[in-house]
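Biologist: Could you choose one spot in this model, take a close look at it, and then work outwards from there to the rest of the chain? I'd like the cut-offs along the way, please.

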Amino acid sequence: MSDHLHLEVARGSVTMALYQSLSLLAVLLATPTPRVGRDDGTEVAVIVLLTGLGLLAAHHVAFRMSSRLVNSGALSDDSLRLLRAQALGGLPVVVLAAVPPLLFGAQAGSVVSEVLLLVLVGLVGYRAARQRTT
């Protein structure tokens with residue numbers, strides 16, 4: 001794999017992880033808090049999981065279509081590598097966001113998921129900023 005493709009694969013993976021983090025954070029913030037006495041995290045986990053998987057599927061279709069458009073109808077090996085990297089970057093984030101509501105209940109689990117997603121985005125932002133100054 002060329003250095004350029006290696007960088008594109010890494011960028012695609014990180015971009016998808018960030019995209020999923022920010023999108024699922026928005027979903028968690030927009031999801032209504034369950035009524036008192038009904039703190040079953042399953043509903044929140046399913047919403048987050050299905051939204052995350054739906055976003056991955058939508059991106060997959062859009063990426064395949066755009067790749068074929070710019071490659072005269074072909075889906076190149078490089079495009080497939082990028083697509084795999086994006087899925088591998090996004091899928092763990094979906095799981096990371098969906099599991100805490102199952103473990104801690106809807107309210108506490110949502111907060112844990114939000115914090116984890118914010119930490120992920122913050123760490124990537126910090127790392128990116130640190131590389132620029134060194």
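Modeller: Let's start at S66, which is found in helix α2. Helices here are DSSP runs of H or I with at least four residues, strands are runs of E with at least two, and both are numbered from the N terminus. This is a predicted model, where local features need pLDDT of at least 70 and side-chain atom pairs count only at pLDDT 80 or more, while totals for chains, interfaces and linings use all residues. Residues are numbered from 1 along each chain as its sequence is written, and side-chain values use heavy atoms, with hydrogens and water left out.

Back to S66: its side chain reaches the backbone oxygen of F63 at 3.1 Å. That is a polar contact, meaning a pair of N or O atoms within 3.5 Å; within protein, one must be able to donate a hydrogen and the other to accept it, and residues adjacent in sequence count only if both atoms are side-chain atoms. S66 counts as partly exposed because its relative accessibility is 36%. The classes work like this: buried is under 20% relative accessible area, exposed is over 50%, and partly exposed is in between, with a 1.4 Å probe and protein chains only.

Staying in helix α2, we come to E43. With 42% relative accessibility, E43 is partly exposed too. The C-alpha atom of E43 is 8.8 Å from that of L102, although the two residues are 59 apart along the chain.

Step back along the sequence and there's T31, in the loop between α1 and α2 (41-70). T31 is at 17% relative accessibility, so it counts as buried. Its side chain reaches the backbone oxygen of V27 at 2.6 Å. Leaving aside residues up to four places away in sequence, T31 touches V44 and I47, a contact being heavy atoms within 4.5 Å.

V44 turns up again next to S110, a residue of helix α4. S110 touches L28, V44, P101 and G105, again not counting residues up to four places away in sequence. S110 counts as buried because its relative accessibility is 12%.

On the other side of α2 in sequence, S72 lies in the loop between α2 and α3. S72 has a positive phi of about 55° although it is not a glycine. As background, most residues other than glycine have a negative phi. S72 has a relative accessible area of 75%, so it is exposed.

Next is G89, in helix α3. G89 is buried because its relative accessible area is 8%. Apart from residues up to four places away in sequence, it touches S13, M16 and A17. G89 also sits 9.6 Å from R11, C-alpha to C-alpha, with their positions 78 residues apart in sequence.

S13 and A17 come back in the largest pocket, whose lining is S13, V14, A17, L120, V124, R127, A128 and Q131. The elements giving two or more residues to that lining are α1 and α4 (106-133), with α4 providing the largest share, 5 residues. A pocket, on a 1 Å grid over the protein atoms alone, is an open set of points where a 1.4 Å probe fits, with protein on both sides within 12 Å along at least five of seven lines; lining residues have an atom within 4 Å of a point. By class, the lining has 5 nonpolar, 2 polar and 1 charged residues. Nonpolar covers Ala, Val, Leu, Ile, Met, Phe, Trp, Tyr, Cys and Pro, charged covers Asp, Glu, Lys and Arg, and the others, Gly among them, are polar. The largest pocket holds about 180 Å³ of space, a volume being the space filled by probe spheres set on the points, which are joined across faces, edges and corners.

Zooming out, the chain has 4 helices and 0 strands. Its C-alpha atoms fill a box of roughly 55 × 40 × 20 Å along the principal axes. Of its 134 residues, 33% count as buried. Among contacts between residues at least 6 apart in sequence, 73% join residues at least 24 apart.

As for confidence, the chain averages a pLDDT of 90, and 93% of the residues score at least 70; pLDDT is the predictor's confidence in each residue, from 0 to 100. Among the elements, helix α1 (residues 3-30) has the lowest mean pLDDT, 91, and helix α3 (residues 77-104) the highest, 94.
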